[in-house]
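Welcome! Please take a moment to look over the sequence and the 3D view, and then let us walk through them together.

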Amino acid sequence: QVQLVESGGGLVQAGASLRLSCAASGSIFSINDMGWYRQGPGKQRELVGSITTAGSTNYADSVKGRFTISRDNAKYTVSLQMGSLKPEDTAVYYCYAIVGIDRRNYVYWGQGTQVTVSS
């Protein structure tokens with residue numbers, strides 16, 4: 001079993017910064033890509049960004065230049081540093097990890113953490 005536990009959500013004002021963290025634990029042989037999705041009120045879940053094991057990142061256009069993803073491969077953690085937050089960033093944020101187990105890849109998800117940005 002693999003568990004992803006997120007932390008760091010909350011209520012902030014527009015323009016503020018917030019950092020989300022996600023830690024994976026369990027029967028992990030390797031972790032490939034990690035990243036974050038979000039789902040706003042009445043919206044579909046969308047990719048916020050991802051990061052490879054080597055540290056290459058990819059971001060949604062809506063967060064480029066404001067959000068930064070980082071990871072610690074030794075600790076199986078991924079973080080999302082969010083800056084210049086806007087009300088439209090309000091969403092439940094989910095981390096994910098593509099985990100290698102017995103030569104197969106599986107996608108695991110965190111439980112989600114609420115981020116609310118007030119105007």
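## A loop after strand β9

Asp102 lies in the loop that links β9 to β10 (104-109). This is a predicted model, and in it the phi of Asp102 is near 50 degrees, a positive value in a residue other than glycine. Asp102 is also exposed, with a relative accessible area of 69%.

Another loop, the one between β8 and β9, holds Ser84. Ser84 likewise has a positive phi near 50 degrees, and it is a residue other than glycine. With a relative accessibility of 44%, Ser84 counts as partly exposed.

## The four-stranded sheet

Now let us turn to the strands. Four of them form an open sheet in the order β1-β3-β8-β7, with antiparallel pairing. The edges are β1 and β7, each of which pairs on one side only. From one strand to the next, the twist averages 15 degrees. As general background, strands of a sheet pair through backbone hydrogen bonds, either parallel or antiparallel.

We can follow the sheet from pair to pair. Between β1 and β3, which run antiparallel, there are six bridges, and Gln3 has Ser25 as its bridge partner in β3. Strand β3 (residues 18-26) is joined in turn to β8 (residues 77-82) by six bridges, again antiparallel; here Ala23 is partnered by Thr77 of β8. Six bridges also connect β7 (residues 67-72) with β8, and these two strands run antiparallel. In that pair, Phe67 finds its bridge partner in Met82 of β8. The hairpin of β7 and β8 has four residues between the strands, and within this hairpin Tyr76 takes a positive phi near 55 degrees.

## The nonpolar core

What sits inside? The largest nonpolar core has 31 residues, and those with the most contacts inside it are Trp36, Leu80, Met82 and Tyr93. Two or more residues come from each of β1 (2-7), β3, β4 (30-39), β5 (46-51), β7, β8, β9 and β11 (113-118). Strand β9 gives the most to this core, with six residues. In soluble globular proteins, nonpolar side chains tend to be buried together.

## One disulfide

How many disulfides does a search of the whole structure find? There is one, formed by Cys22 and Cys95, whose sulfur atoms are 2.0 Å apart. Cys22 lies in strand β3 and Cys95 in strand β9, so the disulfide ties together parts that are 73 residues apart in sequence.

The torsion about the S-S bond of Cys22 and Cys95 is about 50 degrees, so this disulfide is right-handed. Are the two cysteines buried or exposed? Cys22 is buried at 2% relative accessibility, and Cys95 is buried with a relative accessible area of 0%.

## Ala91 and its surroundings

Our last stop is Ala91, which is found in strand β9 (residues 91-101). Its relative accessible area is 3%, so Ala91 counts as buried, the cut-off for buried being under 20%.

Which residues touch Ala91, leaving aside its neighbours within four places in sequence? Ala91 is in contact with Arg38, Gln39, Gly40, Thr113, Gln114 and Val115. For Val115, which is 24 residues from Ala91 along the chain, the separation between the C-alpha atoms of the two residues is 5.5 Å.

Conventions: Residues numbered from 1 in each chain as written. Predicted model: local features only at pLDDT ≥ 70, side-chain atom pairs only at ≥ 80, totals over all residues. Heavy atoms only, no water. Buried < 20%, exposed > 50% of the residue type's maximum accessible area, 1.4 Å probe, protein only. Contact = heavy atoms within 4.5 Å. Pairing = 2+ DSSP bridges. Core = buried A, V, L, I, M, F, W, Y, C linked by side-chain atoms within 4.5 Å. Axes fitted to C-alpha atoms, helices over the stretch in contact; angles between N-to-C directions. Disulfide = S-S within 2.5 Å.
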